[in-house]
Amino acid sequence: MQTDVEAVTAAFGYHLRKLAEHGFVAQASGQGADGRERWWKVVSEAGWGFRDSDFADTPEGAAAVGAVTRGIFDTRVAQYRSYLDQKAAWGKAWSDASFSSEWLLDLTPAELAEMSDELEELARRWRDRGKAAKAAGDTDDREHVSVHLYGFPFRP
């Protein structure tokens, strides 16, 4: 009999293999501690996304989406905590330029979706600008920058 964890793990593996079939992810070599672990990496830095509803038609799909989004969030939190722990080492220019913002808005689902599209367009424009500058040799004081924005409903 399969346990709940084994069922979720199997479903998760199935969905990762499906993502790999479509070129979104690939197995990362040399990452696993033993032969049972499989590590994956994103194939393209162009960005990707999905909607929960794309996978919500089965309990396994919903569980996989939950596991993936929680894993992504945990990684983002760890990344930001690492920055906060090392903030002084980055110097005044970087610490003054970095930001953490929160806005509480009253929106409809359609407005939130529109805002998401606008933010994605803005991020892509800045990503392309940085890539072009790097390709032109402009690498002085250029660092990887992580920007995390979340938009979700809540009831106070």
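In this predicted model, the protein is built from 4 helices and 2 strands. Going along the sequence, these elements come in the order α-β-β-α-α-α.

Not much of the chain is tucked away: of the 156 residues in the protein, 8% are buried. The accessible surface adds up to about 13200 Å², and carbon and sulfur atoms account for 55% of that. As for how the chain meets itself, take the contacts between residues at least 6 apart in sequence: 40% of them link residues at least 24 apart.

One spot worth a look is Ser100, which sits in the loop that runs between helix H3 (92–97) and helix H4 (109–135). Ser100 has a relative accessibility of 60%, so it counts as exposed, the cut-off for that class being over 50%. In space, the C-alpha of Ser100 is 9.4 Å from the C-alpha of Leu149, although 49 residues separate Ser100 and Leu149 in sequence.

Then there is the charge on the surface. Glu111, Glu114, Asp117 and Glu118 come together there as a patch of negative charge. Of this group, Glu114 can be placed in helix H4, the helix that follows the loop holding Ser100. Glu114 has a relative accessibility of 47% and therefore counts as partly exposed, since that class covers values between the 20% limit for buried and the 50% limit for exposed. Ser100, at 60%, falls in the exposed class instead.

Definitions and conventions: Residues are numbered from 1 along each chain as its sequence is written. This is a predicted model: local features need pLDDT of at least 70, side-chain atom pairs count only at pLDDT 80 or more; totals for chains, interfaces and linings use all residues. Side-chain values use heavy atoms; hydrogens and water are left out. Buried means under 20% relative accessible area, exposed over 50%, partly exposed in between (1.4 Å probe, protein chains only). Contact means heavy atoms within 4.5 Å. Accessible areas come from the Shrake-Rupley method with a 1.4 Å probe; for residues, only the protein chains shown count as cover. Patches are made of residues with over 30% relative accessible area and no salt bridge: like charges are joined within 9 Å, nonpolar side chains (Val, Leu, Ile, Met, Phe, Trp, Tyr) within 5 Å. A salt bridge is a side-chain nitrogen of Lys or Arg within 4 Å of a carboxyl oxygen of Asp or Glu. Lys and Arg count as positive and Asp and Glu as negative; His and the chain ends are not counted. The place of a charge is taken as NZ of Lys, CZ of Arg, CG of Asp or CD of Glu.
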